[in-house]
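Dear colleague,

I am handing over a structure that I would like you to look through at your own pace. Please open it first, and then read the notes underneath.

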Amino acid sequence: MDRIGIVLVGAGFIADAHSGAIDADPRAELIGIVDAAPGRAAAFARKQGGIRHALDLDTALSWPGVDAVILCTPNDTHAPIGLAVAAAGKHLLVEKPLATTVADAQRLARAFEAAGTVLVAAHTHRFYDYGVAVKQTIDSGAIGRPKLVRLAILGGWIWPDWSAWVGDPDRSGGHALHNGVHLLDLATWWLGQEPTAIYARGRKQTAAELRIYDYLEMVVTYADGATAVCEMSRAHRPGSLAQRELLVAGTEGIVEQGWDGESSLVFGEAGTATLPAAGGNGFAKQLGAWLDAIGGAPPQMPVADAVRAVVLGVAVEESIATGRPVAVTA
């Protein structure tokens, strides 16, 4: 396969992780950067050795050698920019969530299917060693049929101040869509079942003035009776805290991890085994899987799963608002 020419849209901090993944993969080439702020676009271009930069997507899509786009802009822009990428016949890797509404997520799915190009949402935790190892363990049958997932990802407030776009529910869709979807997607992927209902609670923990819930508790039930209990926080102290806890209980065993730096333990009929800790470059593996899909391989993050993650995130926000469980239909 010839090198895939990629344009990055959005020069925020997450763009550095994507550009690093591009630099590390010989199948990919970073053609240029698009950002609405001239100084930010130019600075990012200089940092990358003088690549092209532009203020608008149309200009970048006309550059020679552009095959694909990685979208790192605020969540409410994903649908309109993504539709423009599909209309131009380019492939797209878009930061999660795929969109902030179910209708927009479905619209993107249809547009890329019609264009015959590859659409992938960046649910990066599927590509970290711990996520892959848990999935492989479940699929191997080592713990029998999974019945319960308990997953917590806890950290502090990481944005510059309370006015960041993430804190605007009209722009981010709320914390369930911005960060909660990581857990909702991962638990659903591990269980391999369709969700049927979700019940959630949220708190404004960092400050009462927040317009989003920076602490979330989410309980998902599935068609086979399995349950996922997910806890997502950007409200913990100290602000540098980064903790992950997971437990997957099956009919014949358990996978458990108490801290990011520890290996997971598998307790099964065959004895006790260990799985990798966090480890691995999730962004690099995610990029590689996207490039594989562009080359014709089945996508490791199917569009239907990305749409389902939006369905779940929207349902969480609705459940918090109403105080009731919300039925889920993919």
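The notes below go from the annotated parts of the chain to the place where its domains meet.

Please keep in mind that this is a predicted model. An unreviewed UniProt entry annotates residues 5-121 as "domain: Gfo/Idh/MocA-like oxidoreductase N-terminal", and in the model this span is 44% helix and 23% strand, with its end C-alpha atoms 18 Å apart. For residues 133-255, the unreviewed entry in UniProt lists "domain: GFO/IDH/MocA-like oxidoreductase"; here the chain is 24% helix and 37% strand, and 10 Å separate the end C-alpha atoms.

The domain assignment, for its part, gives domain 1 as 4-122 and domain 2 as 126-282 + 310-327. The centres of these two domains, taken over C-alpha atoms, are 27 Å apart, and the contact takes 13 residues from domain 1 and 13 residues from domain 2.

Between them, domain 1 and domain 2 bury about 1100 Å², and 63% of this area is on carbon and sulfur atoms. Across the two domains there are 4 residue pairs in polar contact, counting pairs with both residues at pLDDT 80 or more, and on the side of domain 1 that touches domain 2 the residues divide into 7 nonpolar, 4 polar and 2 charged. The count of salt bridges between domain 1 and domain 2 is 1; Asp 76 forms a salt bridge with Arg 171, and their closest N and O atoms are 3.4 Å apart.

With best wishes

Definitions and conventions: Residues are numbered from 1 along each chain as its sequence is written. This is a predicted model: local features need pLDDT of at least 70, side-chain atom pairs count only at pLDDT 80 or more; totals for chains, interfaces and linings use all residues. Side-chain values use heavy atoms; hydrogens and water are left out. UniProt positions are given in the numbering used here, feature names are shortened, and annotations may be inferred rather than shown by experiment. Helices (H or I, at least four residues) and strands (E, at least two) are DSSP runs, numbered from the N terminus. Domain bounds come from an automatic or database domain assignment. Contact means heavy atoms within 4.5 Å. Buried area is the accessible area (1.4 Å probe) that two parts lose on being put together, summed over both. A salt bridge is a side-chain nitrogen of Lys or Arg within 4 Å of a carboxyl oxygen of Asp or Glu. A polar contact is a pair of N or O atoms within 3.5 Å; within protein, one must be able to donate a hydrogen and the other to accept it, and residues adjacent in sequence count only if both atoms are side-chain atoms. Ala, Val, Leu, Ile, Met, Phe, Trp, Tyr, Cys and Pro count as nonpolar, Asp, Glu, Lys and Arg as charged, and the others, Gly among them, as polar.
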